[in-house]
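Reader: I have a chain on the screen and would like to go through it residue by residue. Please keep the answers short and give the cut-offs.

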Amino acid sequence: MVCGPHVVIQRNYRYRETANTLEQYVIITEDDCACYNLWNQRYTRETFRAEIEGAGLTCIGFYDDVAGKPYTGKDVTICAAAQKLAPNGN
């Protein structure tokens, strides 16, 4: 936590080819200078499913929030429930 006098320099960048965004914060105090990078990935249901299945999991549902609100595709959040199948497929 930064207390006392400080300067914050913030910038955003969108990587169009990967749908990633970067929020970068440089915080300067009398004693220190630190850079924080917050990476975000934008997904559609289809790209999220491909990412999950590419990791060897099976999608069992999509939701608009972590509380299980039914998926509409209109919310800014997308959540998925996935499971890893046993080697025999069960």
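**Exposure, contacts and charges**

Author: Glu53 counts as partly exposed, because its relative accessibility is 41% and the class covers values between buried (under 20% relative accessible area) and exposed (over 50%), found with a 1.4 Å probe and protein chains only. This is a predicted model, in which local features need pLDDT of at least 70 and side-chain atom pairs count only at pLDDT 80 or more, while totals for chains, interfaces and linings use all residues. Residues are numbered from 1 along each chain as its sequence is written, and side-chain values use heavy atoms, with hydrogens and water left out.

Reader: Which side chain meets Glu53 in a salt bridge?

Author: A salt bridge here is a side-chain nitrogen of Lys or Arg within 4 Å of a carboxyl oxygen of Asp or Glu. The partner is four residues from Glu53 in helix H1, so the two are separated by about one helical turn. The partner is partly exposed, at 31% relative accessibility. With 3.8 Å from N to O, the partner of Glu53 is Arg49.

Reader: Which residue forms a salt bridge with Asp75?

Author: The count by this rule comes to two salt bridges. Asp75 is partly exposed at 32% relative accessibility, and its partner is partly exposed at 40%. The closest N and O atoms are 3.3 Å apart, and the partner of Asp75 is Lys69.

Reader: How far apart do the centres of the positive and negative sets lie?

Author: Lys and Arg count as positive and Asp and Glu as negative, with His and the chain ends not counted. Each charge is placed at NZ of Lys, CZ of Arg, CG of Asp or CD of Glu. The chain has 9 positive and 11 negative side chains, and the centres of the two sets are separated by 11 Å.

Reader: What pattern does the chain follow along the sequence?

Author: Helices (H or I, at least four residues) and strands (E, at least two) are DSSP runs, numbered from the N terminus. The chain has one helix and five strands. Read along the sequence, the pattern is β-β-β-α-β-β.

Reader: Is Thr21 buried or exposed?

Author: Thr21 lies in strand S2, residues 20-29. Leaving aside neighbours within four places in sequence, Thr21 is in contact (heavy atoms within 4.5 Å) with Tyr13, Arg14, Leu38, Trp39, Asn40 and Arg42. Because its relative accessibility is 15%, Thr21 counts as buried.

Reader: Which residues does Cys35 touch, not counting those up to four places away in sequence?

Author: Cys35 is in strand S3, residues 33-41, and counts as partly exposed at 45% relative accessibility. Gln10 is 25 residues from Cys35 in sequence and 9.6 Å away in space, C-alpha to C-alpha. The residues that Cys35 touches are Gln24, Tyr25 and Val26.

Reader: Is Ala55 buried or exposed?

Author: Ala55 is in the loop between helix H1 (45-54) and strand S4 (58-63). The C-alpha atoms of Ala55 and Arg16 are separated by 23 Å. With a relative accessible area of 61%, Ala55 is exposed.

Reader: What is the radius of gyration of the chain?

Author: The radius of gyration is taken over C-alpha atoms, and the globule rule is 2.2 Å times the number of residues to the power 0.38. The C-alpha atoms fill a box of roughly 60 × 30 × 30 Å along the principal axes. A compact globule of 90 residues would have a radius near 12 Å, but the chain has 19 Å.
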